[in-house]
Amino acid sequence: MIEVTEKAAVELKALLEQEGKPDLALRIFVAGVACSGVQYGLALDEEVKEDDVTMESNGIKLVMAKDIERNFSEGSIDYIEDENGKGFLIRNPNAGGGCGTCGGCH
């Protein structure tokens, strides 16, 4: 189960309200692959495809392809604000890492 933290849920609900589309889902997708493993992205989506997996956390509907769900079944989506800015943070404890090509990735 992917957890949307309470803080992230508040921010997402405000964004959906601002867009005037409270029924949109939050789609999790593969945005690329780096030394630390698969990088995921987020997008608001009104379409649920036939092979999608859907779930809900803290009142936020989540959608993702089945192949993503297999590798990202216990992650979390949080919202952070610090001196570097603010935004959503995706955490995946199942992410692989360390391809050896970065010369110092941890």
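How many bridges join S4 to S5, and do these strands run parallel or antiparallel? The answer is 6 bridges, and S4 and S5 run antiparallel. Welcome to a predicted model, in which local features need pLDDT of at least 70, side-chain atom pairs count only at pLDDT 80 or more, and totals for chains, interfaces and linings use all residues. Residues are numbered from 1 along each chain as its sequence is written, and side-chain values use heavy atoms, with hydrogens and water left out.

Helices (H or I, at least four residues) and strands (E, at least two) are DSSP runs, numbered from the N terminus.

**Helix H1**

- Helix H1 covers residues 6–19, and its 14 residues should span 20 Å at 1.5 Å a residue (the expected span is 1.5 Å times one less than the number of residues).
- The end C-alpha atoms of H1 are 20 Å apart, which agrees.
- Ala8, Ala9, Leu12 and Leu16 of H1 are buried (under 20% relative accessible area, where over 50% is exposed and in between is partly exposed, with a 1.4 Å probe and protein chains only).
- These buried residues cover an arc of only 100° around the axis, so they sit on the same side of H1; the arc is that of the directions from the helix axis to the C-beta atoms.
- Glu6, Val10, Glu17 and Gln18 are exposed on the other side of H1.
- Among the elements that cover the buried residues of H1 are strand S1 (3–4), strand S3 (37–45) and strand S7 (85–91).
- Gly20, just after H1, takes a positive phi of about 75°.

**Strands and their partners**

- Two strands pair if DSSP finds at least two bridges between them.
- Strands S1, S6 and S7 form an open sheet of 3 strands in the order S1-S6-S7, with mixed pairing.
- S1 and S7 are the edge strands here, as each pairs on one side only.
- S6 and S7 run antiparallel and are joined by 7 bridges, and Asp78 stands opposite Leu89 in S7.
- S2 and S5 run parallel, with 2 bridges between them; Leu26 has Leu62 in S5 as its bridge partner.
- Ser57 has Ile60 in S5 as its bridge partner.
- S4 and S5 form a hairpin with 2 residues between them, and Asn58 in the turn has a positive phi of about 50°.

**The nonpolar core**

- A nonpolar core is a set of buried Ala, Val, Leu, Ile, Met, Phe, Trp, Tyr and Cys residues joined through side-chain atoms within 4.5 Å.
- The largest such core has 18 residues, and Ile2, Val4, Ile28 and Leu62 have the most contacts inside it.
- H1, S2, strand S4 (52–57), S5 and S6 each supply at least two residues of this core, and the largest share, 4 residues, comes from S5.
- S5 is mostly covered, with 5 of its 6 residues buried.
- Leaving aside neighbours within four places in sequence, Ile2 is in contact (heavy atoms within 4.5 Å) with residues including Ile28, Met55, Leu62 and Phe72.

**A charged name to look up: Arg27**

- Arg27 is found in strand S2 (residues 25–34), and this residue is buried, with a relative accessible area of 10%.
- A polar contact of 2.6 Å joins the side chains of Arg27 and Asp52 (such a contact is a pair of N or O atoms within 3.5 Å; within protein, one must be able to donate a hydrogen and the other to accept it, and residues adjacent in sequence count only if both atoms are side-chain atoms).
- A polar atom of the Arg27 side chain also lies 3.1 Å from the backbone oxygen of Glu47.
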